[in-house]
Amino acid sequence: MLWGGPVDADRVLAFSDAIFAIAITLLTLKLEVRPGLHGSAFTRDLRDLLPSLGAYALSYIILGQLWLTHHRIFSVIARVDYPVLIRNLAFLGLIAIMPFPVRLLSDYHDRPLAVAVAVYALTFILAMVLQGLLWTYVTRPERQHLLREPVPEGVRQGFTRTIGGMVLVFGAVVPLVIFAPRFAALIWAVGLLVQLVVARLNR
(Lines give C-alpha, C1' and ligand atoms only; values in the text may rest on other atoms or scores of the structure.)
Protein backbone atom coordinates (compact mmCIF):
# COMPACT_ATOMS: atom_id res chain seq x y z
CA MET A 1 0.00 0.00 0.00
CA LEU A 2 2.88 2.39 0.78
CA TRP A 3 4.55 1.57 -2.55
CA GLY A 4 1.40 2.32 -4.51
CA GLY A 5 2.05 -0.08 -7.40
CA PRO A 6 4.42 0.02 -10.37
CA VAL A 7 5.85 3.39 -11.42
CA ASP A 8 7.56 4.69 -14.57
CA ALA A 9 11.06 3.28 -15.14
CA ASP A 10 12.66 6.40 -16.66
CA ARG A 11 13.63 7.92 -13.32
CA VAL A 12 15.21 4.64 -12.18
CA LEU A 13 17.23 4.44 -15.42
CA ALA A 14 18.43 8.06 -15.08
CA PHE A 15 19.56 7.40 -11.49
CA SER A 16 21.32 4.21 -12.61
CA ASP A 17 23.16 6.05 -15.39
CA ALA A 18 24.39 8.62 -12.87
CA ILE A 19 25.81 5.89 -10.61
CA PHE A 20 27.63 4.31 -13.55
CA ALA A 21 29.03 7.68 -14.64
CA ILE A 22 30.36 8.48 -11.16
CA ALA A 23 31.88 5.01 -10.70
CA ILE A 24 33.68 5.13 -14.05
CA THR A 25 34.96 8.65 -13.36
CA LEU A 26 36.34 7.64 -9.96
CA LEU A 27 38.36 4.85 -11.62
CA THR A 28 40.76 7.50 -12.93
CA LEU A 29 41.73 8.96 -9.54
CA LYS A 30 44.83 6.75 -9.24
CA LEU A 31 46.07 7.56 -12.73
CA GLU A 32 48.68 10.24 -12.18
CA VAL A 33 52.43 10.77 -12.50
CA ARG A 34 54.20 13.13 -10.11
CA PRO A 35 55.00 16.49 -11.72
CA GLY A 36 58.56 17.69 -12.28
CA LEU A 37 60.12 14.29 -13.01
CA HIS A 38 62.85 13.79 -15.61
CA GLY A 39 64.77 10.93 -17.15
CA SER A 40 64.80 7.64 -15.28
CA ALA A 41 62.57 8.98 -12.49
CA PHE A 42 59.83 9.75 -14.99
CA THR A 43 60.22 6.35 -16.66
CA ARG A 44 60.10 4.57 -13.30
CA ASP A 45 56.93 6.39 -12.21
CA LEU A 46 55.31 5.66 -15.55
CA ARG A 47 56.24 1.98 -15.24
CA ASP A 48 54.85 1.86 -11.71
CA LEU A 49 51.58 3.21 -13.10
CA LEU A 50 51.10 0.22 -15.41
CA PRO A 51 49.19 -1.94 -12.83
CA SER A 52 46.76 0.94 -12.26
CA LEU A 53 46.33 1.41 -16.01
CA GLY A 54 45.67 -2.31 -16.42
CA ALA A 55 43.12 -2.36 -13.60
CA TYR A 56 41.44 0.74 -15.06
CA ALA A 57 41.26 -0.70 -18.59
CA LEU A 58 39.83 -4.02 -17.39
CA SER A 59 37.34 -2.35 -15.06
CA TYR A 60 36.23 0.07 -17.77
CA ILE A 61 35.53 -2.87 -20.10
CA ILE A 62 33.53 -4.70 -17.43
CA LEU A 63 31.61 -1.65 -16.23
CA GLY A 64 30.90 -0.74 -19.84
CA GLN A 65 29.52 -4.20 -20.49
CA LEU A 66 27.43 -4.07 -17.31
CA TRP A 67 26.08 -0.67 -18.40
CA LEU A 68 25.20 -1.96 -21.87
CA THR A 69 23.47 -4.99 -20.33
CA HIS A 70 21.62 -2.75 -17.88
CA HIS A 71 20.33 -0.58 -20.73
CA ARG A 72 19.26 -3.61 -22.70
CA ILE A 73 17.31 -4.87 -19.69
CA PHE A 74 15.62 -1.52 -19.12
CA SER A 75 14.84 -1.14 -22.81
CA VAL A 76 12.06 -3.69 -22.28
CA ILE A 77 10.90 -2.33 -18.91
CA ALA A 78 8.12 0.25 -18.90
CA ARG A 79 7.36 0.25 -15.17
CA VAL A 80 9.14 -0.93 -12.03
CA ASP A 81 7.60 -2.53 -8.98
CA TYR A 82 9.14 -2.77 -5.51
CA PRO A 83 11.11 -6.01 -6.11
CA VAL A 84 12.63 -4.56 -9.31
CA LEU A 85 13.64 -1.41 -7.44
CA ILE A 86 15.27 -3.40 -4.62
CA ARG A 87 17.18 -5.62 -7.06
CA ASN A 88 18.36 -2.60 -9.01
CA LEU A 89 19.46 -0.76 -5.86
CA ALA A 90 21.45 -3.79 -4.70
CA PHE A 91 23.11 -3.97 -8.11
CA LEU A 92 23.89 -0.23 -8.09
CA GLY A 93 25.37 -0.55 -4.60
CA LEU A 94 28.04 -2.81 -6.07
CA ILE A 95 28.58 -0.50 -9.05
CA ALA A 96 29.12 2.48 -6.71
CA ILE A 97 31.75 0.63 -4.67
CA MET A 98 33.70 -0.59 -7.73
CA PRO A 99 36.51 2.01 -7.43
CA PHE A 100 37.53 0.40 -4.10
CA PRO A 101 38.31 -3.13 -5.40
CA VAL A 102 39.90 -1.55 -8.50
CA ARG A 103 42.32 0.36 -6.26
CA LEU A 104 43.02 -2.83 -4.31
CA LEU A 105 43.82 -4.69 -7.52
CA SER A 106 46.18 -1.97 -8.75
CA ASP A 107 47.96 -1.46 -5.39
CA TYR A 108 48.14 -5.04 -4.07
CA HIS A 109 48.07 -7.22 -7.20
CA ASP A 110 51.45 -8.78 -6.34
CA ARG A 111 50.69 -9.93 -2.79
CA PRO A 112 51.19 -13.70 -2.21
CA LEU A 113 47.62 -14.53 -1.19
CA ALA A 114 46.15 -12.25 -3.85
CA VAL A 115 43.32 -11.19 -1.52
CA ALA A 116 42.89 -8.06 -3.63
CA VAL A 117 42.26 -10.23 -6.69
CA ALA A 118 39.65 -12.24 -4.78
CA VAL A 119 37.83 -9.11 -3.55
CA TYR A 120 37.88 -7.64 -7.04
CA ALA A 121 36.52 -10.84 -8.60
CA LEU A 122 33.83 -11.31 -5.96
CA THR A 123 32.52 -7.75 -6.38
CA PHE A 124 32.13 -8.03 -10.14
CA ILE A 125 30.72 -11.57 -10.02
CA LEU A 126 28.06 -10.50 -7.52
CA ALA A 127 27.15 -7.54 -9.74
CA MET A 128 26.74 -9.84 -12.74
CA VAL A 129 24.64 -12.30 -10.72
CA LEU A 130 22.35 -9.51 -9.47
CA GLN A 131 21.94 -8.26 -13.01
CA GLY A 132 20.95 -11.76 -14.10
CA LEU A 133 18.43 -12.00 -11.28
CA LEU A 134 16.92 -8.66 -12.31
CA TRP A 135 16.53 -9.85 -15.90
CA THR A 136 14.99 -13.23 -15.04
CA TYR A 137 12.59 -11.64 -12.55
CA VAL A 138 11.25 -8.89 -14.77
CA THR A 139 10.86 -11.08 -17.87
CA ARG A 140 8.81 -13.82 -16.23
CA PRO A 141 5.43 -14.32 -17.96
CA GLU A 142 3.56 -13.16 -14.86
CA ARG A 143 5.50 -9.84 -14.93
CA GLN A 144 4.44 -8.82 -18.44
CA HIS A 145 2.52 -5.86 -17.04
CA LEU A 146 5.92 -4.29 -16.27
CA LEU A 147 7.20 -4.60 -19.86
CA ARG A 148 6.81 -2.42 -22.92
CA GLU A 149 5.99 -5.59 -24.84
CA PRO A 150 6.29 -9.32 -24.11
CA VAL A 151 9.80 -10.78 -24.38
CA PRO A 152 9.89 -13.98 -26.49
CA GLU A 153 11.06 -17.00 -24.54
CA GLY A 154 13.96 -17.53 -26.93
CA VAL A 155 15.22 -13.99 -26.32
CA ARG A 156 14.72 -14.38 -22.58
CA GLN A 157 16.72 -17.61 -22.43
CA GLY A 158 19.39 -16.36 -24.84
CA PHE A 159 20.06 -13.19 -22.86
CA THR A 160 20.09 -15.19 -19.63
CA ARG A 161 22.79 -17.42 -21.14
CA THR A 162 24.80 -14.36 -22.17
CA ILE A 163 24.79 -12.99 -18.62
CA GLY A 164 25.56 -16.45 -17.24
CA GLY A 165 28.44 -16.78 -19.69
CA MET A 166 30.02 -13.60 -18.37
CA VAL A 167 29.77 -14.90 -14.81
CA LEU A 168 31.29 -18.26 -15.77
CA VAL A 169 34.16 -16.74 -17.75
CA PHE A 170 34.98 -14.21 -15.03
CA GLY A 171 34.76 -16.82 -12.29
CA ALA A 172 36.58 -19.57 -14.18
CA VAL A 173 39.79 -17.57 -14.50
CA VAL A 174 39.89 -16.64 -10.79
CA PRO A 175 42.10 -19.66 -9.86
CA LEU A 176 44.45 -18.74 -12.70
CA VAL A 177 44.82 -15.10 -11.67
CA ILE A 178 45.32 -16.16 -8.03
CA PHE A 179 48.51 -17.91 -9.13
CA ALA A 180 49.47 -15.16 -11.59
CA PRO A 181 48.11 -11.96 -9.99
CA ARG A 182 50.48 -9.72 -11.97
CA PHE A 183 48.64 -10.71 -15.13
CA ALA A 184 45.12 -10.62 -13.64
CA ALA A 185 43.91 -7.65 -15.68
CA LEU A 186 45.24 -9.07 -18.96
CA ILE A 187 43.84 -12.57 -18.35
CA TRP A 188 40.38 -11.27 -17.43
CA ALA A 189 40.31 -8.82 -20.33
CA VAL A 190 41.18 -11.53 -22.86
CA GLY A 191 38.64 -13.95 -21.36
CA LEU A 192 35.82 -11.40 -21.41
CA LEU A 193 36.59 -10.25 -24.93
CA VAL A 194 36.55 -13.84 -26.16
CA GLN A 195 33.21 -14.43 -24.40
CA LEU A 196 31.72 -11.30 -25.97
CA VAL A 197 32.87 -12.32 -29.44
CA VAL A 198 31.39 -15.81 -29.00
CA ALA A 199 28.10 -14.36 -27.70
CA ARG A 200 27.86 -12.01 -30.71
CA LEU A 201 28.58 -14.85 -33.18
CA ASN A 202 25.86 -16.98 -31.57
CA ARG A 203 23.14 -14.32 -31.90
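# Exercises on a Predicted Model

E153 is partly exposed, its relative accessible area being 42%; here buried means under 20% relative accessible area, exposed means over 50%, and partly exposed lies in between, with a 1.4 Å probe and protein chains only. The model is predicted, so local features need pLDDT of at least 70 and side-chain atom pairs count only at pLDDT 80 or more, while totals for chains, interfaces and linings use all residues. Residues are numbered from 1 along each chain as its sequence is written, and side-chain values use heavy atoms, with hydrogens and water left out.

## Exercise 1: The overall chain

Task. State how many helices and strands the chain has, and in which order the elements run.

Solution.
Step 1. Apply the rule: helices (H or I, at least four residues) and strands (E, at least two) are DSSP runs, numbered from the N terminus.
Step 2. The count comes to nine helices and two strands.
Step 3. Read from the N terminus, the order is β-α-α-α-β-α-α-α-α-α-α.
Step 4. Of the 203 residues in the chain, 41% are buried.

## Exercise 2: Helix α7 and a salt bridge

Task. Compare the expected span of helix α7 with the distance between its end C-alpha atoms, then identify the partner of E153 in a salt bridge.

Solution.
Step 1. The expected span of a helix is 1.5 Å times one less than its number of residues.
Step 2. Helix α7 covers residues 153-172, which is 20 residues, and should therefore span 28 Å. The end C-alpha atoms of α7 are 28 Å apart, in agreement with that value.
Step 3. A salt bridge requires a side-chain nitrogen of Lys or Arg within 4 Å of a carboxyl oxygen of Asp or Glu. By this rule the count comes to one salt bridge.
Step 4. E153 forms a salt bridge with R156, the closest N and O atoms being 3.9 Å apart.
Step 5. The two residues, R156 and E153, are three apart in helix α7, so about one helical turn separates them.
Step 6. R156 has 12% relative accessibility and therefore counts as buried. Buried residues of α7 also include F159, I163 and F170.

## Exercise 3: Aromatic pairs

Task. State how many aromatic pairs a search of the whole structure finds, and describe the geometry of Y56 with Y60 and of Y120 with F124.

Solution.
Step 1. A pair of aromatic rings is described by the distance of the centres and the angle of the planes. Rings of Phe, Tyr and Trp (its six-membered ring) pair if their centres lie within 6.5 Å; planes under 30 degrees apart count as stacked, over 60 as edge-to-face and the rest as tilted.
Step 2. The search of the whole structure finds four aromatic pairs. One of them joins Y56 and Y60, a tilted pair with 6.0 Å centre to centre and 40° between the planes.
Step 3. Y56 and Y60 are four residues apart in helix α3 (residues 50-74), and so are separated by about one helical turn. Y56 is partly exposed at 23% relative accessibility, and Y60 is partly exposed at 42%.
Step 4. Y120 and F124 form a tilted pair, with 4.8 Å centre to centre and 55° between the planes. Both residues, Y120 and F124, lie in helix α6 (residues 115-138), four residues apart, about one turn of the helix.
Step 5. Y120 and F124 are buried.
Step 6. As background, an α-helix has 3.6 residues a turn, so residues three or four places apart point the same way.

## Exercise 4: A nonpolar surface patch

Task. Identify which helix gives the most residues to the nonpolar patch.

Solution.
Step 1. Patches are made of residues with over 30% relative accessible area and no salt bridge; like charges are joined within 9 Å, and nonpolar side chains (Val, Leu, Ile, Met, Phe, Trp, Tyr) within 5 Å. Accessible areas come from the Shrake-Rupley method with a 1.4 Å probe, and for residues only the protein chains shown count as cover.
Step 2. The patch is formed by F15, Y82, I86 and L89, with about 380 Å² of accessible area together.
Step 3. Helix α4 (residues 82-97) gives the most, with three residues.
Step 4. I86 is found in helix α4, and its 38% relative accessibility makes I86 partly exposed.

## Exercise 5: Distant in sequence

Task. Find how far apart in space the C-alpha atoms of F74 and A9, and of T123 and I95, lie.

Solution.
Step 1. F74, in helix α3, is buried with a relative accessible area of 3%. The C-alpha atoms of F74 and A9 are separated by 7.7 Å, although the residues are 65 apart along the chain.
Step 2. T123, in helix α6, is buried at 11% relative accessibility. T123 and I95 are 28 residues apart in sequence and 8.7 Å apart in space, C-alpha to C-alpha.
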